[in-house]
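Reader: I'd like to know what the terms used for this model rest on. Can we go through them one at a time?

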Amino acid sequence: MEQSANPTAASESMISLRDLRVSYGEREILHGVSFDVMRGENMVILGGSGSGKSTLLRTLVGLEKPSSGEIRLKGKNIAAISTAEMDEIRKKIGMSFQGGALFGSMTVGENVALPLREHTKLEDSTIKVILRLKLEQVGLSGFENYMPSQLSGGMKKRAAVARALAMDPEILFFDEPSAGLDPIIAAGVDQLILDLKQAFHMTIIVVTHELASAFLIADRMVLIDKGNVVAIGSTEELRASTHPRVRQFLDRIAEPEVAQELDYLQMLTEDDYRRGR
Amino acid sequence: MELAAQIGGSVTDGLAYLGALASLGSRAAYFTFIAPLKGKPLRFHRAVSQAMQVGVLALPILSLITFFIGLILALQSAYELRRFGALNYVASAVAISMTRELGPLITAIVVIGRSGSAFAAEIGTMKVTEEIDALETMAINPISFLVTPKFLAMIMMLPCLTIWANFMGILGGSVFGVAKADFTFPRYIQASLDALFLRDIVTGLIKAVMFGITVTAVGCHEGFATGGGAEQVGRSTTRAVVVSLFLVILVDLVFTALFYFLSPS
């Protein structure tokens, strides 16, 4: 496993994973993942289908429970806390889902305002001002009264980001932000992520398999393959890596043909660790 | 042996299902009664808009259906009563059957078709599009946000709808009563009211509330249990309707028997 040069002592670890294992029933998906994300950096989690990166993201925001190991968000181990404490942490993070996950029965404005209405005692007029601000930050000024079904894919993603930003989070998570978008719109989303980091010094975690976006927005990257961390480091370090799995992923080399469906599934999700058991 | 194992399995699955419903119901009850005391919102606004959907918008179809049911009841009872020259009892037959049984039951069936399916479809779709996950990551409890307003709406609306259904049924019966049973409209209504005891109406309303709770629990449970994809949402919606129909009849049986054994002899 490659490591980046030790980050400066002044940087604080916002997210810290130690030997994280996550299982769905009998099947273990993540086999002891460990890494840190520093305050203010853009960390891209790269990986192919079935690599476990989505499970990793879901566990980071508390949607899945680890079977063992530690996840520390700002020092607190979320693997072992109560729902109430987790809710307090969730008020300080934002997540943008793959399809946007906007609530279809509410307008864009109501979507963005929802966390504010639920968790703050702010006046309606104040909330209106904040939501206009958030929409402007993502380039959706004037769209408060549109329904999600009236928005294009790119606009839905922006609205989802605005909603994730509503409570001024310290950590922002993105699940496949460029998925399903044409290259120009995808570039717009990438730029938005860079702007957010620039303007707010947020810690941003992006899960993606789009290499171009990843190299553009990342400070550091971590490659997950079959539930293990295969490589971690700055974009230059990964680009220069000689690890075979890293090279295969970055150089887009196809997997060898497999005849049996079960073999293919096994190849995707298990590895020597499992076979050795 | 196979059959015994299958029956055993079905029984335990059924009990597990009821347990899941009870768990959902109790969590919704927590957010309705206890959480507000701890400062969490009651979401009355959402409950009111659900009540509009569940109750007010159901009135046209419910009125038509229960009007016809009342007329059917009158015709069926008259079929037998005329043998004894007792057609004047049609009014009371319709009134008692509606208030004790058919008013609550038919109302519940209409609500299952309209709202039970809608609840499952709404929540199921939200599950598939990750909206439920989004709620959780925003520290909003999905049960508090989605389920509790529906329970409140159903509990408020079902008794109201049932009273309306009872009235429409009696009205439907009056068509026969006036046309073929020598009643005038005022006398028919009077005969209906004379036949009713308060307990007839009250037992009907208690059943209505229990039906409402059942339909909401099943609809929401099936919604949350939806697998991935549009086809699964359709499955959940169908299951919600079918299981609700069965459980409503079961609840009906339990409470009808209960009221029978509790009634003064």
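Author: Sure, contacts come first: two residues are in contact if their C-beta atoms, placed from the backbone, lie within 7 Å. In chain B, residues 24 or more positions apart account for 86% of the contacts with a separation of 6 or more. Bear in mind that this is a predicted model, where local features need pLDDT of at least 70 and side-chain atom pairs count only at pLDDT 80 or more, while totals for chains, interfaces and linings use all residues. Residues are numbered from 1 along each chain as its sequence is written, and chains are lettered from A and ligands numbered from 1 in the order in which they are written.

Reader: How many helices and strands are there in chain B?

Author: Helices (H or I, at least four residues) and strands (E, at least two) are DSSP runs, numbered from the N terminus. By that rule chain B has nine helices and zero strands.

Reader: What makes the crossing of helix 4 and helix 9 of chain B right-handed?

Author: A crossing is left-handed if the near helix is turned anticlockwise from the far one by less than a right angle, and right-handed if clockwise. The crossing of these two helices of chain B is right-handed, so the turn here is clockwise. Their axes come within 8 Å and cross at roughly 145°; axes are lines fitted to C-alpha atoms, for helices over the stretch in contact, and angles run from 0 to 180 degrees between N-to-C directions.

Reader: Which residues meet there?

Author: Among them, Gly113(B), Gly116(B) and Ala120(B) in helix 4 meet residues of helix 9 that include Ala240(B) and Ser244(B). By class, that contact has twelve nonpolar, eight polar and one charged residues. Here Ala, Val, Leu, Ile, Met, Phe, Trp, Tyr, Cys and Pro count as nonpolar, Asp, Glu, Lys and Arg as charged, and the others, Gly among them, as polar.

Reader: What percentage of chain B is buried?

Author: Buried residues make up 43% of the 265 residues in chain B. A residue is buried if 20 or more other C-beta atoms lie within 10 Å of its own, exposed if 12 or fewer, and partly exposed in between.

Reader: And what is a nonpolar core?

Author: A set of buried Ala, Val, Leu, Ile, Met, Phe, Trp, Tyr and Cys residues joined through C-beta atoms within 7 Å. The largest one has 135 residues, and Ile45(A), Phe173(A), Val222(A) and Leu223(A) touch the most other members. Its largest share, 17 residues, comes from helix 4 of chain B.
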